[in-house]
Amino acid sequence: MALTIGVFIKCGGANGIRTRDLIDANDALSQLSYSPKPHALYSYLFLPSTFRYFIIDNMDFSGFEKLSLLDFDHYLTATLFYGGCPFRCPYCHNAALVLHPETLDKIPWEEIKNYLKKRQGCLEAVCISGGEPTMMDDLIEKVKDLKELGYLVKIDTNGINPSLLKYLVSNALVDYVAMDIKNSPDKYAKTIGLDNFKLENIYQSVDYLLANHVSYEFRTTVVEEFHDFNDFKIIGEWIAGAQKYYLQQYVDRDGAISHGFTPYSKEKALEALKIVQEFVPNSFLRGYD
């Protein structure tokens with residue numbers, strides 16, 4: 001496949017897209033603004049080069065929950081799941097989406113749009129989750145379709161693609177962002193199952209959200225084997241003043257990447273909550289009765 005966007009682009013191979021002339025990701029916005037539909041280039045150009053080889057030639061969702069009362073507070077929401085993620089968090093409960101997205105059935109976008117058209121005035125919002133949705137080839141085009149249908153849009157992200165996040169927010173294409181904070185910086189690589197992970201892009205996403213360009217929350221799934229109270233002190237200092245922060249209960253689900261991890265008890269979770277509330281007063285538990 002060949003596409004033209006200022007320079008010649010060739011897609012394919014283990015390293016993803018190769019260019020005859022190097023396109024700097026920082027120039028992506030200006031490049032995209034003069035191209036009609038550079039589908040597979042969207043996420044690629046915005047994504048840090050370290051993670052570009054995770055891009056899959058995939059413009060379809062692999063999961064569709066037609067009604068959720070949990071994914072976007074206060075709104076009747078449909079939730080879409082994208083298959084593919086650069087992280088390998090051992091306790092992740094979406095192993096198929098993360099490890100084997102190519103094996104999953106794909107849902108045609110027209111089928112999803114037709115359903116959402118029929119539910120206009122009943123459904124209020126669409127949550128785009130995963131996997132990691134900012135890896136999706138044509139996420140911008142799909143979000144534009146959702147906004148044209150009148151839906152609020154929420155994005156669940158691990159923060160790996162700050163440039164795309166900024167584009168979506170600055171162009172009024174997303175109404176709410178939920179970003180995972182996996183752990184304190186020193187433990188990030190271990191927690192996401194990667195060696196020698198550099199946090200630059202995570203820092204950028206956190207800083208952008210802390211600047212209050214959009215409504216957002218941070219959240220951490222709390223696991224005994226990965227998190228201690230000092231981690232929550234460090235996280236609290238890192239995201240001090242955030243709009244919202246949730247400590248989420250870990251549940252060992254059948255579809256997890258690995259098993260045998262331990263959730264915090266409610267009593268211990270409350271102790272962790274007290275620590276983070278010193279820095280983020282709007283901190284809460286999620287998933288605990």
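Visitor: How many salt bridges does the count come to?
Guide: The count comes to 14 salt bridges, a salt bridge being a side-chain nitrogen of Lys or Arg within 4 Å of a carboxyl oxygen of Asp or Glu. This is a predicted model, where local features need pLDDT of at least 70 and side-chain atom pairs count only at pLDDT 80 or more, while totals for chains, interfaces and linings use all residues. Residues are numbered from 1 along each chain as its sequence is written, and side-chain values use heavy atoms, with hydrogens and water left out.

Visitor: What does R219 form with D180?
Guide: A salt bridge, with the closest N and O atoms 2.8 Å apart. The pair links distant parts of the chain, R219 in strand β9 and D180 in strand β8 (residues 176-180), 39 residues apart. Strands (E, at least two residues) and helices (H or I, at least four) are DSSP runs, numbered from the N terminus.

Visitor: Are R219 and D180 buried or exposed?
Guide: Both are buried. Buried means under 20% relative accessible area, exposed over 50%, partly exposed in between (1.4 Å probe, protein chains only).

Visitor: Which residues are in the network?
Guide: K154, D156, D180, K182 and R219 are joined into one network by salt bridges that share partners. D156 and R219 meet at 3.6 Å, N to O.

Visitor: Switching to helix α4: what is the distance between K113 and E110 in their salt bridge?
Guide: The closest N and O atoms are 3.3 Å apart. K113 and E110 are three residues apart in helix α4 (residues 109-118), so about one helical turn separates them. K113 counts as buried at 14% relative accessibility, whereas E110 is partly exposed at 45%.
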